[in-house]
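Thanks for asking me to look through this structure with you. Below are my notes, set out as numbered points that you can follow alongside the viewer.

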Amino acid sequence: MPDVARQHDGARQPLIEARGLHRWYGSGRSLLARRPPLRAVDGVDLVVYPGEIVGLIGESGCGKSTLGRLLVRLEAPTAGTIAFAGRDITHLRGRRLRALRRQIQVIFQNPFETFDPRYRLRQALYDPLRIHGLPDAERRIAEVMERAGLPVDRYLDRYPRELSGGQLQRAAIARAMLVEPRFVVADEPVSMLDVSVRAEVLNFLLDLRAQRQTAFLFITHDLALARHVCDRIAVMYLGRIVEEGPAELLTSAPRHPYTRALLASVPDPDAGTAASPALRGEPPSPAALGTGCRFAGRCPLASEACRRVEPVLEPAAPGHRVACHFPWEEQRTP
Amino acid sequence: MWTTLGYLARRCGALLLTLAVVVVLNFVLVRAAPGDPVRILAGMDQPSPEMVEALTRRYGLDQPLAVQFWAYVRSLLQGDLGRSITFERPVSQLIAQTVGPTLLLTLTATLLAFALGVALGTVSGTRPRSRLDALLSLAAYLLYAMPPFWLGMMGMLVFASWLGWLPTSGMYDVRSPQTGLAHWLDVAHHLVLPAATLALVQMPVFYRVTRASVVQVLGDDFVTTLRAAGLRPGTIFRRYVLKNALLPSVTMLGLQLGYVLAGAALVEVVFSWPGMGRLTLNAIYRRDFPLVMGIYLVVSAAVAVGALITDLVYGWLDPRIRYG
Amino acid sequence: MMRWKHRAPVMVLVLALALLLAAGCGRQASDAPGAPQDGSTGQEQAGGETGGGAAGEPQRGGTLVVALPANPMTYNPNARPDDAGIMIFQNLFNKLVTLDDQYQVIPDLADDWHISEDGLTYTFYLHPEARWHDGQPVTSADVKWTYEAILANQGLAAGSLAVIDAIETPDDHTVVLRLKEPNAPLLYNLAWAGVYIMPKHLYEGSEDWLSSEAAQQPVGSGPFRFDSARLDEHVTLVANPDYFRGAPYLDRLVYTIVPDPQTAAQALMNGEVDVSITRPSLTQLVTLRTAPGVVVDIAPMPNRYYVPMNHAREVFQDLRVRQAVAHAINRGEVLDRALQGIGAAAEGFYTPAIAWAYNPDAVAPAYDPARAEALLDEAGYPRGADGTRMRLTMTIFSGGEWADVAAVLVENLRAVGIEVELVQLDEGAWIQRTVVDRDFDLTLLAGMQGPDPDQLRLRFGSMGPLNMMGYANPEFDDLLARAAAVTDQDQRRDLYFRAQEILAADLPFVPVAEFVAVHLYRDAVHGLAHHPEQVGSVPQWGFHRAWLAD
Amino acid sequence: MTRDLAAPEAGGRPPAAAEPVLEIRGLRVSYDAPTGRVQAVAGLDLVLRPGDSVGLVGESGSGKSTVALAVMGLLPAGGRVDAGQVRLLGRDLTTLPEHELRAVRWRQAAMVFQKAMSAFSPVHRLADHFVDVWRAHRPERGRRARSLALERARVLLEAVGLRPDALWAYPHTLSGGMLQRALIALALVHQPRLLILDEATTALDVVTQAQVLSEVARLQREFDLTTLVISHDIGVVAALCRRVAVLYAGHLVEEGPVQQVLEAPRHPYTAALVRAFPRLRGPRRRLESIPGTLPDLTRPPQGCVFADRCPRAAGACREGPPPVEHSGGRMVRCRFPLGGDAGA
Amino acid sequence: MRADTGRHRRRPGDPGRATDLELRTFWRGYVESRSGPIGLALLAAVALVAALAPVLAPVRPEAFTDALLAPPGPGHPFGTDHLGRDIFSGVVYGTRISLLLGVVSAAISAVVGTVVGAVAGYAGGWIDEILSRLIDVFLMIPVFFLVLVVIMLFGNSLPYVMTVIGLTIWPANARLMRAQALSLRERTFVRAAVALGEAHGRILARHIIPHGIYPVVANTTLQVAGAILTEAGLSFLGLGDPNVVSWGRMIYEGRVSMPHGWWTTLFPGLAIVVTVMAFYLIGDGLNHALNPQARERGA
């Protein structure tokens, strides 16, 4: 699998660049009930280059979907900036925001929900073209549907409920691609599909990237899947990215204890025994974070320092960054 | 604890807001309406400025509206609902005299309706789509569709006029007033028709809610768990389903209050029950501003407080609810 | 001060009208009424079969239960037009004089009286035995204080008393009223409502006669004493054994508040109440007449339905249109249908109940739809394509009989091509719309027109407060002014006859039907009406001589 | 078996080495659907011997959960067993009347459901559930039953890695992982011989899943459990089971020891399924999918149910049911199985 | 421990989730409900009576016949009232008024409620804050008394009564619609529309309202019934429009003939029961068809 993007890291301008992104929910306004805010995204820096697929990994509740929604401006960040192709889009509103939507698209987790069940595919696919005033609707739709493996003559007049999950997700990707976006957030695009049909969806995505150099943020909880799909992977824990690096490297030689624990937890058909529980306990609530490393409470390596000072992402190897005071050295990996 | 208090504080805030809206609405509506109380008091005598003026001054109606409103609000804040124009007595005193019979009627009827509705709803809910269920549902629909005053009239026709079993009106026999137990038996005798009327038209609400929630809870996953664990259906029902299923009905108990009071007003008219419903109609008819506003305020407050209490009781019954 | 002379009947009218309105609105559970009852004495024989008279030996004891449509507003008897209160006041209090069933003045507190030749001095001699319920004697000072209080507080009868210049009390049992000018209606008004003598010693000292303790716990001089009351439940009186005209037969008098006529009728039939002042619908009367144990006693009263036409509307400035409306109205059908045949179709322009002042020759146009159509054609209102000549509104009160009468009128007028839309308003809005704003085409009205025909001035005088139709005829005004200033009844009769002729010619309104007083009671109740010993048959729900048979 | 964990009466149970704990023979289950009857399970044979752990894998619609519910006699309305037997410790449950079935449940076979969040009554504490489940099969009554039940519950909660005071919690205050553990503890109250785990870890995050899986693996040993693990995730099955049975459209297509089946699948469907799972090790490669969709189960095909999606299918596959081949402890239902020598 | 899971409040009538509907499934659910088809049949009958009123009724309802307070019998199947008006004709013509009143009131409520609720739920933020406060406050105000005061003080013509009823009952619809909009707003296809750059107005019109309207429709059906009952209550207090023959008014007028003339109130009352029940049944059928969970469980 060609790692197109990585070769040009230094030279190319980032397509999308998030700096110090925060999204907090509920700020404890009430007089009597002062509750701490829920810090869903809590200081994230993330860069995606053109044509790159970046995986965003984490457990449910870690803020990965929120981050995805922030990047496509479905939600507004509490703090931080988002730049798209060098332009600050953090505060775009109204018509200009809608115009931006042609550049940034999103694919959702639930294919059965992505289309308004009241309308036929024809209508659903026509809409984005109408919104952005793109000509040649018929041709564009035919083209992208063909590529999605959904020939227009058989599928265009169907209602969403008449398609299977895999077909729907391909149609959803097709719709997102109609406006020829440059950046797409794919939020768990295959997690609701049966294993047997995941591949056709993912492969469609990969083909599009190859043809159009579309960049993707691929949000998933499945490390193995990310390994196969992504160029780079960022691991998120409780609102922060704790490690990021090239997919192969990160899955074979992780530096952050959390990444290691994640890897160890994946039930491996090849291993043949129950995975050993790499971590005890459960993540704390994102509404009750103290100082220090937010993983310290569950970390087998945690020291006093970890509980006091929160580590920041620092380069550990070329293209590989870790937020840990005691990152595992590569040679110590078993 | 703090969150509960905070919740209470917010709910009370909402309650006050409601009452504020009620006060303003009332004031505006009543003042904007054609006709004024002085004219009714003074009769139709247009050129009698002295009397009109005297009355107008007496009730402060000569002040600008804003001043009147402020005066009203100020006295409200001091807990004073004002003085009835027609009855020349404090509004609170008039309400206090009529609130008892209304409460007696509505509470009796509502509790009856609740008990009956929950019992029948349970019967239906445990055997959905059975013949008995269909029969009970039909009865519920029928009663639900009946105007309370009409049902009352028909009840009076049959049980008072034709059969002569029950008295037609009033709260007790004024000819030979009783005391002690005999008095309450007499009241109970007079209460039968109005309370039954009001209970029957309310019953379907509880019946339907209970039935639906029993059906729903019976399909909940935890019932499957308990069944799988080998518990007897009876045990599951008594110990688990019922408690879950009762919660929505309890909620209805509070939400019904507004409806009950409206129904009670009509039923009170039919049976000459000495309650607030009749007082209200009287007050509106006479443009007795302070009385209308006082009653409306009290009724609204009662409804709002009823909703609040329901919420709290619900929260107490349902551990899932945290007032956050 | 001319105007004040007119005030007396005005207030009477106001009271009566309010009662009547209430009667119409009764079914709203407001204080419905017994409009007819008070005020109307007309004990008639028409009802014939009534057991109200002397039937056997009076028996002592027992509790009489009376259905009353509303609570009394206050127990100050002179402050308010209060149809419920007055039913009770007449058993608690006395006036100087009162009226008999022929609307003639008879003694009450005053055994005798004397009017000076010039009509300016009235002297009353009080019954020496009269005592308040607390044992204090009733004196001339009480009378003087009462009348002055009424004037000072703008009480109900303040208008009628305004003609009094000074009140003198030469001794404890003599009251002298000095008038500013002759005023024929005064004596009648002193026998009417809002002039109950109140206990000076109890009211004096409190800053306001309404908030006084005595206005909550009344102390009177009448045959019954106040016992207790509960809002919307009951008012209970007990016999006054020391009553100066003899102790009543009854032990207790319980008014139970039953605003709903339907319920009241039911309760009467079931024997739950003995007397119903809450007036049933006329339809119910039909039923009640055949109900075992129930006596329905019907008497004419000086009160009538009529249809004022708004002269401010262009259409009614044309006499032909007014005549057409009069011809279109089938008064017989109104009586038979809407009024269930109870009462009488109105023919003339004043109430026949005040027989001496009624001109039987001044009559309204007869029912003649063809004539009506001809007049309308003539006046330039031909039938349109849909058969309609004009569209009018009729502003009426909420309430059963009003609607029933109106329903017949609507059908009558529809038959001659006049489409009428009803605008139904409650009392407050009705007053605003018709009397104050004068925004109506047709309306429907009734009201007390007694006890003195001076009353006509209120309704049809050009300055009359109830002349909402804007009728103005100087000759009519002049006739009425003269009639009020002479005391000779024959002279007055001539003037009033002439006035009625003018009304018949001008037709500012169409008389529709004569009202009746309806008395409903169980046959066990005796001594209610027609009783020779009964003093004060106006208002006529005094129970001084009433007794219950086993 | 530790003394602590054993149910009071467990000591007296005779070892039944040869006799299967669960023996499913020719099980056919169908459901009512708007379009007709759906053949959810079509002739299933499965035998679990004492100490066995069998994984039942398949994609959605394969009928795997139906098997579990049929075993427990908990098929929802509209579902029924058309044929076959479900023998639990020798007794055929399909013919048992409800009250006898009730006695069997939880004492001999217990089940852990997928939706732990809703498996407890929301307005009762966990303790209530434990006490009532205890009472359902024990003669003790009153306080004594309660204290015995709570004692047992505490032991079990600790065994699944929960603090005993979780007993006093309401379900909504616990996380999904905790509830899943509590549900497992509840399943063990009466020391059942057979434990069915129906997608018991599917809703959990990967880390929590790993924790729960390791605890279940330990419990299997400590409680001498025979387990039937139902999952769509071959990783989970590999982690917990010795044998695996692959279900496709209501048919068992392949069965055998986990390692052998996953490493050298014989049925084309098994092979495709294994290939479709992304791996953490080995070369990154293009993922493969299985083209096509499940057959319409209201009108099951004449021949092999997988024929329409099978790359190896020939005409014969569509004409008649495929033959069943048993060899070397493996079963495959295919006319043209892969690696003809795999069983050797 | 999860602190926020308990925030859900289960209240009857709150939709769990907006529903996707296919007409066929919907109709099947509706038919399955049993109550739905019966209600529809009843309503059809009632509507037919309304449509054919001039044919069915022997006379105009206002017309006087010669028989005053005649009991039911040949010529007057339901008898006559105290003015001699034919009760049967009144009941037949009253159908028109009741249907008109119910439908118009409920329609006003539906339109206002839908718009306010959809905007509140979709817009969120301070707009929602203000609108839902308003909704809550109006939900808590005892409606019947409010209607009573307004009608009594301002007048009682039919259009007025319809408007006042409609304008006092919308908050229930607004609450339903708001809940729907709140949940729909989070639905993927709405998010997708936002992400595609669709304008808010269009999203409301094309996605939010069409999807969220069903509970409002069901509730509106119930509100038709409620409005008819409210009007009857008003008329019973003498506050009906005197120019039209409505059932409530007939009961009010017939009441004077009780207990002897029981037919004057019995038949209009039965007409109310039948019509109101038709709408209740339909509303329940709709609810049933719209609530798949309940349907599966045979509720």
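1. Let's begin with a term we need right away: a salt bridge is a side-chain nitrogen of Lys or Arg within 4 Å of a carboxyl oxygen of Asp or Glu. Please keep in mind that this is a predicted model. A good pair to look at is C:Glu233 and C:Arg230, whose closest N and O atoms are 3.3 Å apart, so the two form a salt bridge. Are the two partners buried or exposed, or something in between? C:Glu233 is buried, with a relative accessible area of 6%, while C:Arg230 counts as partly exposed at 35%.

2. How many salt bridges does the structure hold over all chains? The count is 83. In chain E, one of them links E:Arg191 to E:Glu186, with 2.5 Å between the closest N and O atoms. Here E:Arg191 is buried at 18% relative accessible area, whereas E:Glu186 is partly exposed at 41%. Some salt bridges share partners: A:Arg39, A:Asp42, A:Arg240, A:Arg294 and A:Glu310 are joined in this way into one network. Chain D offers another pair, D:Arg25 with D:Glu23, where the closest N and O atoms are 3.1 Å apart. D:Arg25 is partly exposed, with a relative accessible area of 36%.

3. Now have a look at strand S10 of chain C, residues 252-257. Why can we call this strand largely enclosed by the rest of the structure? Five of its six residues are buried, and therefore the description fits. Strand S1 (residues 63-68) of chain C runs parallel to S10(C) and is joined to it by six bridges. Strand S9 (residues 234-239) of chain C is antiparallel to S10(C), with five bridges between them. You can find C:Leu253 of S10(C) in both pairings: C:Leu64 has C:Leu253 as its bridge partner, and C:Leu237 stands opposite C:Leu253.

4. Next comes the nonpolar interior. The largest nonpolar core has 178 residues, and those touching the most other members are C:Phe124, C:Tyr147, C:Leu177, C:Tyr255, C:Val275, C:Tyr305 and C:Phe543. Strand S17 (residues 509-522) of chain C gives this core its largest share, ten residues. A second, separate core has 146 residues, among them B:Phe27, B:Ala199, B:Met293 and E:Val224. To explore one member of the largest core, try C:Phe124: beyond its neighbours within four places in sequence, the residues in contact with C:Phe124 include C:Leu96, C:Trp113, C:His173, C:Leu177 and C:Leu190.

5. Chain D has an open sheet that is worth tracing strand by strand. Its eight strands, with mixed pairing, come in the order S6-S7-S8-S3-S9-S10-S12-S11. Which strands stand at the edges? They are S6 (109-112) and S11 (324-327) of chain D; each has a single partner strand, so one side of each is left without a neighbour in the sheet. From one strand to the next, the twist averages 20°. At the S11 edge, S11(D) and strand S12 (residues 330-333) of chain D run antiparallel and are joined by four bridges. In that pairing, D:Glu325 stands opposite D:Val332 of S12(D). Towards the other edge, helix H5 (residues 176-187) of chain D lies across S6 and strand S7 (194-198), running at about 175° to S6(D).

6. Where chain D meets chain A, 42 residues of chain D are in contact with 44 residues of chain A. The two chains bury about 3700 Å² between them, and 53% of that is on carbon and sulfur atoms. Which three residues of chain D supply more of its buried area against chain A than any other three? They are D:Arg279, D:Leu280 and D:Arg284, which supply 23%. The count of salt bridges between chain D and chain A is zero.

7. I'll finish with chain B, which has 13 helices and zero strands. Of its 324 residues, 60% are buried. Take the contacts in chain B between residues at least 6 apart in sequence: 74% of these join residues at least 24 apart.

Definitions and conventions: Residues are numbered from 1 along each chain as its sequence is written. Chains are lettered from A and ligands numbered from 1 in the order in which they are written. This is a predicted model: local features need pLDDT of at least 70, side-chain atom pairs count only at pLDDT 80 or more; totals for chains, interfaces and linings use all residues. Side-chain values use heavy atoms; hydrogens and water are left out. A nonpolar core is a set of buried Ala, Val, Leu, Ile, Met, Phe, Trp, Tyr and Cys residues joined through side-chain atoms within 4.5 Å. Buried means under 20% relative accessible area, exposed over 50%, partly exposed in between (1.4 Å probe, protein chains only). Helices (H or I, at least four residues) and strands (E, at least two) are DSSP runs, numbered from the N terminus. Contact means heavy atoms within 4.5 Å. Two strands pair if DSSP finds at least two bridges between them. Axes are lines fitted to C-alpha atoms, for helices over the stretch in contact, and angles run from 0 to 180 degrees between N-to-C directions. Buried area is the accessible area (1.4 Å probe) that two parts lose on being put together, summed over both.
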